[in-house]
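This report describes a protein model from its strand pairing through its nonpolar cores to its pocket and the loops with notable backbone angles.

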Amino acid sequence: MTESNPLQVLLDTLPQVGRVEWIGIRPARGAPMITLEAVTIDLDHGLEGDRFSGSAGSPRQVTLMQQEHLDVIAACLHREPIPPALLRRNIVVSGINLLALKGKSFHIGEAILEFSGLCHPCSKMERLLGAGGYNAMRGHGGITARVCRAGLVRLDDLVRIQALG
């Protein structure tokens, strides 16, 4: 038996459980987001009805963002709270640090997703949020995920790491 690396033990310790706060799909490029109470996440197409057009296993099938970061972005811009639809992410969650999911699979409702990368802001954020919008989102844009198991996701569903073994 090998001794665990202390840093790896810390990285693997994530008892927090998050909650789905908002769900949205992008029906077409540039089209307004549609807010949903529930959505089916499919292995091939990500969120049902979303404009995602990649293939099964694509690293950007689903985009997620932390609710807590909406307040940070608003504070950086000296403005009132920002509605999630404006940032064009699929799912907003609270209560769990999405960056702590790096290298992990996680349950969200009935689906299982796998962290696949950071979701950096694009230049569109400058137009949508105003001057400084791009920089306000840097480090707060959320994550991308690939679908490992399809399933239904509803508002208030839990977000938790998948148990090992």
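Two strands are taken to pair if DSSP finds at least two bridges between them, and the bridge partners named below are to be read in that sense. The model is a predicted one.

**Strand pairing**

Strand β7, residues 105-108, pairs with strand β8, residues 111-118, in the antiparallel sense, and four bridges connect the two. At the turn end of this pairing, Ile108 has Ala111 of β8 as its bridge partner. The hairpin of β7 and β8 leaves two residues between the strands, and Gly109 there takes a positive phi near 60°. Strand β8 also pairs with strand β9, residues 143-149, again in the antiparallel sense, over six bridges, and in this pairing Ile112 has Arg149 of β9 as its bridge partner. Strand β9 in turn pairs with β5 through three bridges, likewise antiparallel, with Thr63 standing opposite Thr144 in β9.

A separate description applies to an open sheet of three strands, whose order is β4-β3-β10 and whose pairing is antiparallel. Because β4 (46-47) and β10 (151-154) stand at the edges with a single partner strand each, one side of each is left without a neighbour in the sheet. Two bridges join β3 to the antiparallel β4, and Gly46 in β4 is the bridge partner of Asp42.

**Nonpolar cores**

The largest nonpolar core has 23 residues, of which Ile41, Leu64, Ile108 and Leu113 touch the most other members. Two or more residues of this core come from each of β1 (18-25), β3 (38-42), β5 (62-66), β6 (91-94), β7, β8 and β9. Apart from this core lies another, of 14 residues, which include Trp22, Ile82, Leu87 and Met137. In soluble globular proteins, nonpolar side chains tend to be buried together.

Which residues does Ile108 contact, leaving aside its neighbours within four places in sequence? The contacts of Ile108 are Val20, Leu64, Ile91, Val93, Leu113, Leu152, Val153, Leu158 and Val159. Leu64 and Leu113, which appear among these contacts, are also listed with Ile108 among the core residues that touch the most other members.

**The largest pocket**

The largest pocket has a volume of about 370 Å³. Its lining consists of 15 residues, and those closest to the pocket centre are Arg26, Arg51, Arg60, Arg88 and Cys122. Sorted by class, the lining holds seven charged, five nonpolar and three polar residues.

Of the residues closest to the centre, Arg51 is placed in the loop between β4 and β5. Leaving out residues up to four places away in sequence, Arg51 touches Arg26, Pro27, Ala28 and Arg29. The C-alpha atoms of Arg51 and Leu64 are separated by 15 Å, and the two residues are 13 apart along the chain.

**Loop residues and backbone angles**

The loop between α2 (67-77) and β6 contains Asn90, and both His78 and Arg88 lie in that loop as well. The accessibilities of these residues, together with that of Arg51, are set out below.

| Residue | Relative accessible area | Class |
|---|---|---|
| Asn90 | 0% | buried |
| Arg88 | 13% | buried |
| Arg51 | 35% | partly exposed |
| His78 | 75% | exposed |

Buried means under 20% relative accessible area, and Arg88 therefore counts as buried at 13%, while His78, at 75%, is exposed. Most residues other than glycine have a negative phi. Against that background, His78 has a positive phi of about 55° although it is not a glycine, and Arg88, also a residue other than glycine, has a positive phi near 60°.

What does Asn90 touch, not counting residues up to four places away in sequence? The residues that Asn90 touches are Trp22, Ile23, Gly24, Ile25, Arg26, Leu47, Asp50, Gln61, Val62 and Thr63. Among them, Trp22 belongs to the core of 14 residues, and Arg26 is one of the residues closest to the centre of the largest pocket. Thr63, another contact of Asn90, is the residue that stands opposite Thr144 in β9.

Definitions and conventions:
Residues numbered from 1 in each chain as written. Predicted model: local features only at pLDDT ≥ 70, side-chain atom pairs only at ≥ 80, totals over all residues. Heavy atoms only, no water. 1 Å grid on protein atoms, 1.4 Å probe; cavity = no way out; pocket = protein on both sides within 12 Å on 5 of 7 lines; lining within 4 Å. Points joined across faces, edges and corners; volume = space filled by probe spheres on them. Nonpolar A, V, L, I, M, F, W, Y, C, P; charged D, E, K, R; others polar. Core = buried A, V, L, I, M, F, W, Y, C linked by side-chain atoms within 4.5 Å. Buried < 20%, exposed > 50% of the residue type's maximum accessible area, 1.4 Å probe, protein only. Contact = heavy atoms within 4.5 Å.
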